[in-house]
Every structure is written in structure tokens, then in C-alpha cells.
Amino acid sequence: MSKAQYNLTTKTNYLQRKMFLDPAGPVTIQRFEEVKYNKLAKYEQTARGFFWIPDEVNLTKDANDMKDASEAIKHIFTSNLLRQTALDSLQGRAPAQVFTPVCSIPELEALMSNWSFFETNIHSRSYSHFIRNIYNVPKEVFNTIHDTKEIVDMTSSVGRYYEALHQMNCSKELGLLPTNMEQEHINAIWMALHTSCALEALRFMVSFATSLAMVENKIYIGNGNIVSLILQDELLHTEWTAWLINQVVKEDPRFAQIKTECEAEVYELYMDVIREEKAWADYLFKKGPVIGLNANILR
């Protein structure tokens, strides 16, 4: 098994490294006195400055709103909340477990750590904060995630690219990945980056539109306040994911080659997201709309 990241005997010059899978190996010393990509360091610094905790937001009115809500509103709010929980469960794990093993520079590794922290310890905890304070038996609400085919199918669509990269990372770590499969490994990183971009820029934004439509109707205000904070984070995550995709193609010939080879697959990935989000709109509003938002508008 390779333990290069724990071996500090070899000096390295991070300023000459590629972002992902540099031949010099993974990050060893986490040093930030000078960095190759000031943009990445600035993104991480900005994200750190956004720190907040969901427990600060009172949800008493939201709990009363739930008691008074129609069946259609309850279905929309609960389904959207459970989907947010499921998608953040994946996105909270992916940066740390899937992207970090292929990072070759400390500022990118630090960014991935920050990304996972916010998705898991702030965003996912926010959704748990909602469910704990709004529903009488929270665990019963959580358990329905696994029984909702529309949510399970969507998370499978997201998870397959993360899983593909994870398996390649593990094989490389164990010395089981043939040396002639580097380009396939780059391919897996490329598709996982686009999966993240689609998740941050499209899937999350659909869910936030639904949450904020409730606020427009003067209901679930506490939820809306927290979602506004999550939205601020996710817009930054969207920006840096897009920057990574564009930058890595400019400077790394391996990714430039994959961009051409995978163009059709990437296009189909985004089209699948659009199709799934349109289908989700039908499911979300199957019992009725909320004033100002319905299936047609969301599509």
C-alpha cells in the first residue's frame, strides 16, 4: 500500500505541480506561505469567513406553519427537505473522500476539506435541525428517504460518478491500478467534477427555489433564513467548481484530452440532470402547488 502522503522524507515544490494526480504524488507538508493558485486560497478563505450554525435560527413559527399547512404544502416542503438531506449526504462526503486523494497541492486539499465541512457539519445539520424541530417523530421522517424512489434514483445518478472515482483511487492506493490507466483515472476525476458542478449549480438551486417560494407565502420563514445562508455557500461552491473545470483544462494536457474525448458524455450528464429535475417537479407538486410556484414554473 502507498503511504506517500505520510512520508515526509522527500522535498517537493508545490509551485511546479499539477492540481490533480501530479507524478510527484499527494500532498505531504501542508504549507501555505506561498501557493501556486491564489484563487483557490482565496476561495477557501472566503468560505471560512461564511461560518454559521443553524441552531441560531428559531423554528417555532415553522412548526406552527407545519400544523396549519395543507397536504399539498406538507408534501412539497417535506419532500424537498428530504431530497436536500440526501443530496448533501453525498456532497458532504465527496470532496473529502473522493477528491482529496487525488489532490496534489495543499491549497486544493484545504479547499476540499472546507467544502466537506460545510456540506456535512453545517448544511446537513441544518436539515436535521429543521426535521427535529418541525416534526413530531423526526426519525420516521428521515426513514422515508429510503422509501422514496424519486430521491433514491436521483442520488444513484449522482453517486455513480463519485463511486467510480473512489474505486479508482482505492485501486491506485493499493497498487492495483495498472500504470497505463492514468488517463482513465483523469477521466473519472473529470466526470466527478462535472457531477459536482451539476449538483451545486442545478440540483441544489432547484431545491432552494422551492424553499424560498414558501417564504414568499410568509410560511417556513426560519427555514428560508437558513436556506438563504446555505445558498450563499453553494453559490461559492458552484463558482470554484466551475473554476477548477476551466483551469485544469487550460494547464493540464491530460484533462484537455479528456475534455475532447468525453464531450458527449459530459453533455449527456447535464441533460440527464435536466430531465431528472423536470421529473422531480412533477413529483413535488403532484398534490398541488404553492402560490407562485408549480411544476410548470419549476420546469
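This talk goes through the pockets, the cavity, the salt bridges and a surface patch of one predicted model.

Let me start with the open spaces. The largest pocket holds about 820 Å³ of space. Its lining is made by 31 residues, and those nearest the centre are Gln 5, Pro 26, Pro 101, Lys 172 and Glu 173. Sorted by class, this lining has 13 nonpolar, 13 polar and five charged residues. Helices α6, residues 149-173, and α7, residues 182-216, each supply at least two residues of it. Which of the elements gives the most to this lining? That is α6, with five residues.

The second largest pocket has a volume of about 260 Å³. Here 15 residues form the lining, and Lys 74, His 75, Thr 78, Tyr 135 and Lys 287 lie nearest the centre. Two helices, α2 at 60-68 and α3 at 71-99, each supply at least two lining residues. The largest share comes from α3, with six residues. By class, the lining of the second largest pocket divides into six nonpolar, five polar and four charged residues.

Next, the closed space. The structure holds one cavity of 30 Å³ or more, and about 70 Å³ of space lies in the largest cavity. Residues that line this cavity include Ser 157, Tyr 161, Thr 195, Arg 203 and Asp 272. Two or more lining residues come from each of α6, α7 and α10, the last of these being residues 263-284. In this lining, six residues are nonpolar, two are polar and three are charged.

Now the charged pairs. Side chains of opposite charge can pair when their charged atoms come close. How many salt bridges does the structure hold? There are 12.

I will show three of them. In the pair Glu 33 and Arg 31, the closest N and O atoms are 2.5 Å apart. Glu 33 counts as exposed because its relative accessibility is 51%, while Arg 31 is partly exposed at 38%.

The second pair is Asp 65 with Lys 61, at 2.9 Å between the closest N and O atoms. Both residues sit in helix α2, four residues apart, which is about one turn of the helix. Is Asp 65 buried or exposed? Its relative accessibility is 13%, so Asp 65 counts as buried; the cut-off for buried is under 20%. Its partner Lys 61, at 38%, is partly exposed.

The third pair is in α6, the helix we met in the linings of the largest pocket and the largest cavity. Lys 149 and Asp 153 meet in a salt bridge of 2.5 Å, N to O. They too are four residues apart, about one turn of helix α6. Lys 149 is exposed, with a relative accessible area of 56%, and Asp 153 is partly exposed at 38%.

There is also a network of salt bridges, which links Arg 83, Arg 203, Glu 276 and Glu 277. Arg 203 has already appeared among the residues that line the largest cavity.

Two remaining items. Phe 51, Ile 53 and Phe 117 make a nonpolar surface patch of about 270 Å². Phe 117 belongs to helix α4, residues 106-134, and counts as partly exposed because its relative accessibility is 33%.

Finally, Thr 46 lies in helix α1, residues 38-49. Thr 46 and Leu 236 are 190 residues apart in sequence, but their C-alpha atoms are 8.6 Å apart in space. With 29% relative accessibility, Thr 46 counts as partly exposed.

Methods. Residues are numbered from 1 along each chain as its sequence is written. This is a predicted model: local features need pLDDT of at least 70, side-chain atom pairs count only at pLDDT 80 or more; totals for chains, interfaces and linings use all residues. Side-chain values use heavy atoms; hydrogens and water are left out. Patches are made of residues with over 30% relative accessible area and no salt bridge: like charges are joined within 9 Å, nonpolar side chains (Val, Leu, Ile, Met, Phe, Trp, Tyr) within 5 Å. Accessible areas come from the Shrake-Rupley method with a 1.4 Å probe; for residues, only the protein chains shown count as cover. A salt bridge is a side-chain nitrogen of Lys or Arg within 4 Å of a carboxyl oxygen of Asp or Glu. Buried means under 20% relative accessible area, exposed over 50%, partly exposed in between (1.4 Å probe, protein chains only). On a 1 Å grid over the protein atoms alone, a cavity is a set of points where a 1.4 Å probe fits but cannot get out, and a pocket is an open set with protein on both sides within 12 Å along at least five of seven lines; lining residues have an atom within 4 Å of a point. Grid points are joined across faces, edges and corners, and a volume is the space filled by probe spheres set on the points. Ala, Val, Leu, Ile, Met, Phe, Trp, Tyr, Cys and Pro count as nonpolar, Asp, Glu, Lys and Arg as charged, and the others, Gly among them, as polar.
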